[in-house]
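Welcome, and thanks for taking a look at this one with us. Please have the sequence and the 3D view open side by side while you read.

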Amino acid sequence: MNAFWSSLLWFVLGALISAVATFFITKNRFEKQLRENPPISEKMIRAMFMQMGRKPSEAQIKQVMRSLQK
């Protein structure tokens, strides 16, 4: 009976460690992907303004970027 509890403890401990490691590895890779490929860029904002028939100023583009990052 003692061997059962010992193996159960090791199994739970291993599952816990792998879950924590998987969480941090996945979080790190996701943040890296967002840094390398942002969901929207300044070029995209310029293109959206141009499609609306407006020529955006640099201040407008920076303002939109700041509002998106909040």
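Glu 31 and Lys 27 sit four residues apart in helix α1, so about one helical turn separates them. They form a salt bridge in which the closest N and O atoms are 3.8 Å apart. Please keep in mind that this is a predicted model. The briefing below goes through confidence, salt bridges, aromatic pairs and the surface.

**Confidence**

- Averaged over the chain, the pLDDT is 91, and 100% of the residues score at least 70.
- Of the chain's elements, helix α1 (residues 2-36) has the highest mean pLDDT, at 95.
- The lowest mean, 88, belongs to helix α3 (residues 58-69).

**Salt bridges**

- How many salt bridges does the structure hold? There are four salt bridges in the structure, and those described here include the one between Glu 31 and Lys 27.
- Both partners of that bridge can be checked for exposure: Glu 31 is partly exposed at 37% relative accessibility, and Lys 27 is partly exposed at 40%.
- Another bridge joins the side chains of Glu 42 and Lys 62, with 3.0 Å from N to O. This pair ties together distant parts of the chain, since Glu 42 lies in helix α2 (residues 42-51) and Lys 62 in helix α3, 20 residues apart.
- Glu 42 has a relative accessible area of 26%, which makes it partly exposed. Its partner Lys 62 counts as partly exposed too, at 36% relative accessibility.
- Arg 46 and Glu 58 also make a salt bridge, and their closest N and O atoms are 2.9 Å apart. Here again distant parts of the chain are linked: Arg 46 belongs to helix α2 and Glu 58 to helix α3, with their positions twelve residues apart in the count.
- Arg 46 is partly exposed, with 31% relative accessible area, and Glu 58 is partly exposed at 41% relative accessibility.

**Aromatic pairs**

- The structure has two aromatic pairs. One of them is made by Phe 4 and Trp 5, which meet edge-to-face at 5.1 Å centre to centre, with 70 degrees between the planes.
- Phe 23 and Phe 24 form an edge-to-face pair as well, at 5.2 Å centre to centre and 75 degrees between the planes.
- If you want to compare such pairs in your viewer, a pair of aromatic rings is described by the distance of the centres and the angle of the planes.

**Surface and exposure**

- Which residues make the nonpolar surface patch of about 720 Å²? The patch is built from Met 1, Phe 4, Trp 5, Leu 8, Phe 11 and Val 12.
- Phe 4, a member of this patch, is partly exposed, with a relative accessible area of 46%.
- Phe 11, another patch member, is located in helix α1. Is Phe 11 buried or exposed? With a relative accessible area of 60%, Phe 11 is exposed.
- Ala 19 is also part of helix α1, and its relative accessibility of 47% makes it partly exposed.

**A distance to try in your viewer**

- How far apart in space are Ala 19 and Arg 54, C-alpha to C-alpha? Their C-alpha atoms lie 50 Å apart, while in sequence the two are 35 residues apart.

Methods: Residues are numbered from 1 along each chain as its sequence is written. This is a predicted model: local features need pLDDT of at least 70, side-chain atom pairs count only at pLDDT 80 or more; totals for chains, interfaces and linings use all residues. Side-chain values use heavy atoms; hydrogens and water are left out. pLDDT is the predictor's confidence in each residue, from 0 to 100. Helices (H or I, at least four residues) and strands (E, at least two) are DSSP runs, numbered from the N terminus. Rings of Phe, Tyr and Trp (its six-membered ring) pair if their centres lie within 6.5 Å; planes under 30 degrees apart count as stacked, over 60 as edge-to-face and the rest as tilted. Buried means under 20% relative accessible area, exposed over 50%, partly exposed in between (1.4 Å probe, protein chains only). Patches are made of residues with over 30% relative accessible area and no salt bridge: like charges are joined within 9 Å, nonpolar side chains (Val, Leu, Ile, Met, Phe, Trp, Tyr) within 5 Å. Accessible areas come from the Shrake-Rupley method with a 1.4 Å probe; for residues, only the protein chains shown count as cover.
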